[in-house]
Every structure is written in C-alpha cells, then in structure tokens.
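Q: I have a fold open on my screen and would like to learn how to read it. Could you walk me through it, beginning with what "buried" means?

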Amino acid sequence: MKIYQHVDEFNDRDGIGNDIRGFQSIFQKLNIPNAILTRVNNSKDEFEIYSPLKHPKLFSEDVHILHFGGTGYPLEFFQELPGKKILRFHNITPISFFQNFMSEDLFKTFERNEIKSNLELFSLHRSLSHVLSDSNFNQSEYLKLIGEPNKTKMFVIPVIRHYPLLQRTNLP
C-alpha cells in the first residue's frame, strides 16, 4: 500500500500545501510509503512527487487523497484510479466575497469556476470512500453543496500544520 496525495497546484508554503506536508510527515513517521501527484509543482524541496501524466504503477491497495480547494485537478483521472479514494475538503471561498474587488468580466469568470467546482464535488462524491474536512464549518458547507445528509463517511481533521514557528523577538 502507498498513499498518494493529489492536488492541482502544489505550493508547500500555502495552506493546502502545508496540510499536504503535514500529512506527509505523519505518513513518514508511521513508515507508510507516500508521494504527491500534482499538475503544477511549485516546491523547491526534494521528495517523491509525480504528475498525473507521469506516475508510477498504481495498485488497488493504494489510497488516494484529493486535496480540493477549487476546480483544476483532472477528476476523471482521479475517479478511475485503482484503490480507495478520499477527499480532503478545504472549502471554496464564495466568489461573492470578491465581487467588490474585481471587474465584472473577471467576476463572471470566477463565478463560472465556482459553479464548476460545485459540480465537480457533486459528481466526485459517488466515488469517495471518505471525506475529510478541515473544519466543522467546511464539513457543513460540503454537505450543503452535495445535499448528502448521511455523515457515515465524513470526518473532521483540522489542518495538519507543517511549518516552522518563528521565535518571537523583542523589537526596539
């Protein structure tokens, strides 16, 4: 068994990337083989990372975790993978929050992406064995999106932080 974490764009210094690295550190401590699959790798760190187009052979005992914060990752590829599929739901910031800060054309483009993300989540849900939301709020938002009242495969696991804490200094 190997655990693969999937994300559209991997930035190990943002919230989702940090969570991926947190999971990765736990898997390593437990001696569970793991790797990351991403379309875009923006990390400069050296570790096992692949693309959906070029990856090792995958097996039915593998576990795949898709970190979802919006549209972009090739979902057909993810849904057709052998093995167990888990969604790590990081929520989608409603585009209405940004309406006053962007042009009408840009807003309409982002609005279409929000609708696409919601449709992707709805269609993805049938192929999942579990959904791991990073907060109670995000879990309730996910349930609103998919209209699924059954929580038997829903769990809340807070973001697993994996960044060094800076030591506070007294400034003059």
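A: Happily! A residue counts as buried when its relative accessible area is under 20%, and as exposed when that value is over 50%. Please keep in mind that this is a predicted model.

Q: Is Ser 43 buried or exposed?

A: Ser 43 has a relative accessibility of 11%, so it counts as buried. You will find Ser 43 in the loop between β2 (34–41) and β3 (49–50).

Q: What does Ser 43 touch, leaving aside residues up to four places away in sequence?

A: Ser 43 touches Phe 10, Asp 12 and Arg 21. There is also a link within the loop region: a polar atom of the Ser 43 side chain lies 3.1 Å from the backbone nitrogen of Asp 45.

Q: Let me zoom out. How many helices and strands does the protein chain have?

A: The chain has 4 helices and 7 strands. Read from the N terminus, the elements run β-α-β-β-β-α-β-α-β-α-β. The radius of gyration is 17 Å, close to the 16 Å that the globule rule gives for 172 residues, so the chain is as compact as a globular protein of that length. Of those 172 residues, 41% count as buried.

Q: In what order do the strands sit in the sheet?

A: The 7 strands form an open sheet in the order β3-β2-β1-β4-β5-β6-β7, and the pairing is parallel. At the edges stand β3 and β7 (154–156), each with a single partner strand, so one side of each is left without a neighbour in the sheet.

Q: How should I read the pairing of β1 and β2?

A: Follow the bridges. Strand β1 (residues 3–10) pairs with β2 in the parallel sense over 7 bridges. To find one of them on screen, start at Ile 3, whose bridge partner in β2 is Asn 34. Helix α1 (residues 15–29) packs on this sheet, touching β1, β2, β4 and β5, and its direction makes about 160° with that of β1. Helix α3 packs on the sheet too, touching β4 and β5, with its direction at about 155° to that of β4.

Q: Why is strand β5 described as largely enclosed?

A: Start with a general idea: in a regular strand the side chains alternate between the two faces of the sheet. Now for the case here: 5 of the 6 residues of β5 (residues 84–89) are buried, so the strand is largely enclosed by the rest of the structure.

Q: Which strands are joined to β5 by bridges?

A: Strand β4 (residues 63–68) runs parallel to β5 and is joined to it by 6 bridges; one pair to look for is His 67 with Arg 88 of β5. Strand β6 (residues 130–133) is also parallel to β5, with 4 bridges between them, and Ile 86 has His 130 as its bridge partner in β6. Together, β5, helix α3 (residues 104–124) and β6 make a right-handed β-α-β unit.

Q: And how do I read a helix? Which residues of α4 are buried?

A: An α-helix has 3.6 residues a turn, so residues three or four places apart point the same way. In α4 (residues 136–146), the buried residues are Asn 138, Gln 139, Glu 141, Tyr 142, Leu 143 and Ile 146. What covers them includes β5, α3, β6 and β7. After α4 comes Gly 147, which has a positive phi near 65°.

Methods. Residues are numbered from 1 along each chain as its sequence is written. This is a predicted model: local features need pLDDT of at least 70, side-chain atom pairs count only at pLDDT 80 or more; totals for chains, interfaces and linings use all residues. Side-chain values use heavy atoms; hydrogens and water are left out. Helices (H or I, at least four residues) and strands (E, at least two) are DSSP runs, numbered from the N terminus. Buried means under 20% relative accessible area, exposed over 50%, partly exposed in between (1.4 Å probe, protein chains only). A polar contact is a pair of N or O atoms within 3.5 Å; within protein, one must be able to donate a hydrogen and the other to accept it, and residues adjacent in sequence count only if both atoms are side-chain atoms. Contact means heavy atoms within 4.5 Å. Two strands pair if DSSP finds at least two bridges between them. A crossover is right-handed if, with the strands pointing away from the viewer, the path from the first strand over the helix to the second runs clockwise. Axes are lines fitted to C-alpha atoms, for helices over the stretch in contact, and angles run from 0 to 180 degrees between N-to-C directions. The radius of gyration is taken over C-alpha atoms; the globule rule is 2.2 Å times the number of residues to the power 0.38.
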